[in-house]
Amino acid sequence: MPGGGRCPDCGSTELVEDSHYSQSQLVCSDCGCVVTEGVLTTTFTDEGNLREVTYSRSTGESEQVSRSQQRGLRRVRDLCRVLQLPSTFEDTAIAYYQQAYQHSGIRAARLQKKEVLVGCCVLITCRQHNWPLTMGTICALLYADMDVFSGTYMQIVKLLGLDVPSLCLADLVKTYCSSFKLFQASPSVPAKYVEDKDKMLSRTLQLVELANETWLVTGRHPLPVITAATFLAWQSLQPSDRLTCSLARFCKLANVDLPYPAASRLQELLAILLRMAEQLAWLQVLKLDKRSVVKHIGDLLQHRHMLVRMAFQDGTAETEDQEKEQQGQRQEQRHGEEEVDSSLDLPKGKRPASPALLLPPCMLKPPKRIRPILPISTVTGDENISDSEIEQYLRTPQEVRDFERAQAASHASTSVPNPP
Amino acid sequence: MTPMTPLSECSGIVPQIQNIVSTVNLACRLDLKKIALHAKNAEYNPKRFAAVIMRIREPRTTALIFSSGKMVCTGAKSEEQSRLAARKYARVVQKLGFPARFLDFKIQNMVGSCDVRFSIRLEGLVLTHQQFSSYEPELFPGLIYRMVKPRIVLLIFVSGKVVLTGKF
């Protein structure tokens with residue numbers, strides 16, 4: 001036995017390492033004397049190579065598809081089938097899910113996030129094929145929270161470095177409008193409310209195009225605009241019977257959820273149509289309001305390009321001029337425009353209203369808060385800090401005592417045990 | 001690469017700084033309970049957050065002071081103001097009896113805003129600058145533009161208001 005060990009009994013150097021059960025022993029091969037006994041116990045570091053390896057650190061994870069991933073892939077397939085997507089979409093979505101799973105952040109994520117990831121992969125696939133699927137639909141199908149969905153979606157787009165095109169508005173109009181249950185008479189839908197699908201679709205598309213051109217769509221959720229446009233299109237196709245129907249009732253009849261901003265979009269769209277109507281001589285004399293203008297939507301849409309150009313002036317040139325003047329003057333001009341509107345009650349000849357600004361609604365409303373212009377700071381960062389300035393933030397000893405007493409009193413009152 | 005604007009075409013619009021986040025190391029362990037007891041402008045809820053939240057009036061800022069001695073200072077409108085504010089917080093901690101120093105002061109993040117004064121077609125911008133833009137109107141009304149050089153993230157809104165933020 002190398003190492004220079006000698007048996008204490010016979011002096012032999014022939015020492016052999018022998019394991020008696022689990023205990024290693026150094027035994028003299030000549031006389032059988034046990035020279036040293038190994039420790040029965042081993043330290044944590046000794047057993048480094050014998051310890052169990054967690055699954056996440058083993059190589060098994062990358063060698064086989066984990067059960068969690070298999071479940072996720074099954075969910076992707078199910079979702080694609082529920083949405084009746086073409087089979088090529090399924091393969092792409094599966095590929096994205098597998099790609100996402102390569103990243104440790106996704107592998108170790110909560111089940112809720114993995115569930116939402118299923119929706120994200122399907123959504124990205126649909127967007128890349130211009131299939132109009134909204135995030136709202138996916139969240140509803142997965143019973144997922146929109147906040148979790150948005151976080152996971154932004155993360156996965158960044159992680160996989162994907163280019164996701166925007167939602168195609170025209171396609172969304174077609175699919176969304178087709179979901180309205182107004183094309184056949186039923187117990188809940190009287191005959192006068194039933195409409196031809198193609199007519200309604202084409203008119204809705206024109207209205208949405210108009211909304212897009214007049215800054216009602218940029219920066220806003222697309223769906224409420226389409227809801228408002230569909231409602232106006234439907235009303236205008238048979239105004240005599242349908243003007244009495246409200247937006248809320250319309251959505252209920254059509255068995256579609258009414259998105260909250262749709263009412264506001266409707267008002268904005270009607271305002272745009274009214275401005276366009278002011279440019280047509282034969283409509284000027286009719287003194288239209290937001291209800292009566294619906295009857296003329298057909299005509300207005302037919303000439304929409306020309307009317308928009310006539311009714312509105314480019315907002316850019318206008319705002320640049322105004323910024324050179326005071327705020328007050330802008331207010332004055334707006335009041336001026338309102339005066340011109342009210343002058344339509346007494347038509348002074350055929351002069352149309354002065355062109356309004358074609359700007360997003362957020363730029364037309366007066367600012368809620370005027371941003372304070374801070375004076376230019378001359379702070380260098382190295383100024384002297386006076387003691388008195390710092391002391392104003394410190395409690396005097398008396399104040400400290402009072403504060404402690406008050407704290408003790410409040411703790412005592414909140415933790416008073418119930419009397420036996 | 002982001003298409004660069006030649007210097008001759010610069011608009012002259014200067015963003016206004018809205019917030020600066022800086023950190024400094026006070027290099028001593030702190031007793032947060034003692035700080036919360038002796039300082040009037042401090043709040044400390046250990047169950048909610050493991051740091052003292054302290055505020056000073058001039059420059060109007062907020063500081064998060066951790067027991068390790070590290071401090072985060074937010075709310076200043078310029079780098080110099082941020083440094084002055086951080087020094088004032090350090091002085092407060094010193095006056096409370098701790099051997100606070102002022103090591104490794106570093107500006108971590110700056111946020112600015114400006115107005116380009118014209119409306120912006122975000123859907124057009126996302127088409128022409130696809131690799132840098134992210135515009136999801138279903139989630140957020142603004143377009144997120146990640147500029148490569150300089151490394152700045154811009155939030156661009158339809159009204160022409162722009163928020164710029166950059167980490168160092």
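# A guided tour of chains A and B

In chain A, 63% of the contacts between residues at least 6 apart in sequence join residues at least 24 apart. The model is predicted, and the tour below begins with chain A before turning to chain B.

**Chain A as a whole.** Select chain A and display it as a cartoon. Its secondary structure comes to 21 helices and five strands. Of its 420 residues, 40% count as buried. Switch to a surface representation: chain A exposes about 25,000 Å², and carbon and sulfur atoms supply 53% of that area.

**The segment before β1.** Select A:Ser12, which is found in the segment before β1 (15-20) of chain A. Is A:Ser12 buried or exposed? Its relative accessibility is 9%, and because buried means under 20%, A:Ser12 counts as buried. To see what surrounds this residue, add A:Gly5, A:Arg6, A:Cys7, A:Cys28 and A:Asp30 to the selection; A:Ser12 touches each of them, not counting residues up to four places away in sequence.

**The loop after α2.** Move to A:Gln84, in the loop between α2 (67-82) and α3 of chain A. A backbone torsion display is useful here: A:Gln84 has a positive phi of about 55° although it is not a glycine. With a relative accessibility of 66%, A:Gln84 counts as exposed.

**A:Arg107 in α4.** Next, select A:Arg107, which lies in helix α4 of chain A. The relative accessible area of A:Arg107 is 29%, so this residue is partly exposed. Draw a distance from its C-alpha to that of A:Leu210: the two residues are 103 apart in sequence and 46 Å apart in space.

**Helix α7.** Select residues 146-160 of chain A, which form helix α7. The helix has 15 residues and reaches 21 Å from its first C-alpha to its last, close to the 21 Å expected at 1.5 Å a residue. Which residues of α7(A) are buried? They are A:Phe149, A:Ser150, A:Thr152, A:Tyr153, A:Ile156, A:Val157 and A:Leu160. Now bring in the elements around them: the cover over these buried residues includes α3 (87-101), α4 (104-107), α5 (111-128) and α6 (135-142) of chain A. Helix α4, part of this cover, is also the helix that holds A:Arg107. Just after α7(A), select A:Gly161, which takes a positive phi of about 60°.

**The loop after α9.** Proceed to A:Trp215, in the loop between α9 (197-213) and α10 (222-237) of chain A. A:Trp215 has a positive phi of about 65° and is not a glycine. At 7% relative accessibility A:Trp215 counts as buried, whereas A:Gln84, also a non-glycine residue with a positive phi, counts as exposed.

**Helix α13.** Select residues 262-277 of chain A, helix α13. Its 16 residues should span 22 Å at 1.5 Å a residue, and the end C-alpha atoms are 22 Å apart, which agrees. Why can α13(A) be described as largely enclosed by the rest of the structure? Twelve of its 16 residues are buried, so the description holds. Show the side chains of the buried set: A:Ala262, A:Arg265, A:Leu266, A:Glu268, A:Leu269, A:Leu270, A:Ile272, A:Leu273, A:Leu274, A:Arg275, A:Met276 and A:Ala277. The charged residue types in this list include A:Arg265, A:Glu268 and A:Arg275.

**Chain B as a whole.** Hide chain A and select chain B, which has three helices and ten strands. Read along the sequence, these follow the pattern β-α-β-β-β-β-α-β-α-β-β-β-β. Orient the C-alpha trace along its principal axes, where it spans about 60 × 35 × 25 Å. The radius of gyration of chain B is 20 Å, whereas a compact globule of 168 residues would have one near 15 Å. Buried residues make up 43% of the chain. Of the contacts in chain B between residues at least 6 apart in sequence, 57% join residues at least 24 apart.

**The surface of chain B.** Chain B exposes about 9,000 Å², with 57% of it supplied by carbon and sulfur atoms. Colour the chain by charge: there are 25 positive and 11 negative charges, and their mean positions are 12 Å apart.

**Two cis peptide bonds.** Select B:Glu58 and B:Pro59; the peptide bond between them is cis, with omega near -5°. B:Pro59 is placed in the loop between β3 (51-56) and β4 (61-66) of chain B. Finish at B:Lys149 and B:Pro150, which are also joined by a cis peptide bond, with omega about 0°. B:Pro150 is found in the loop between β8 (143-147) and β9 (152-156) of chain B.

Methods
Residues are numbered from 1 along each chain as its sequence is written. Chains are lettered from A and ligands numbered from 1 in the order in which they are written. This is a predicted model: local features need pLDDT of at least 70, side-chain atom pairs count only at pLDDT 80 or more; totals for chains, interfaces and linings use all residues. Side-chain values use heavy atoms; hydrogens and water are left out. Helices (H or I, at least four residues) and strands (E, at least two) are DSSP runs, numbered from the N terminus. The radius of gyration is taken over C-alpha atoms; the globule rule is 2.2 Å times the number of residues to the power 0.38. Buried means under 20% relative accessible area, exposed over 50%, partly exposed in between (1.4 Å probe, protein chains only). Contact means heavy atoms within 4.5 Å. Accessible areas come from the Shrake-Rupley method with a 1.4 Å probe; for residues, only the protein chains shown count as cover. Lys and Arg count as positive and Asp and Glu as negative; His and the chain ends are not counted. The place of a charge is taken as NZ of Lys, CZ of Arg, CG of Asp or CD of Glu. The expected span of a helix is 1.5 Å times one less than its number of residues.
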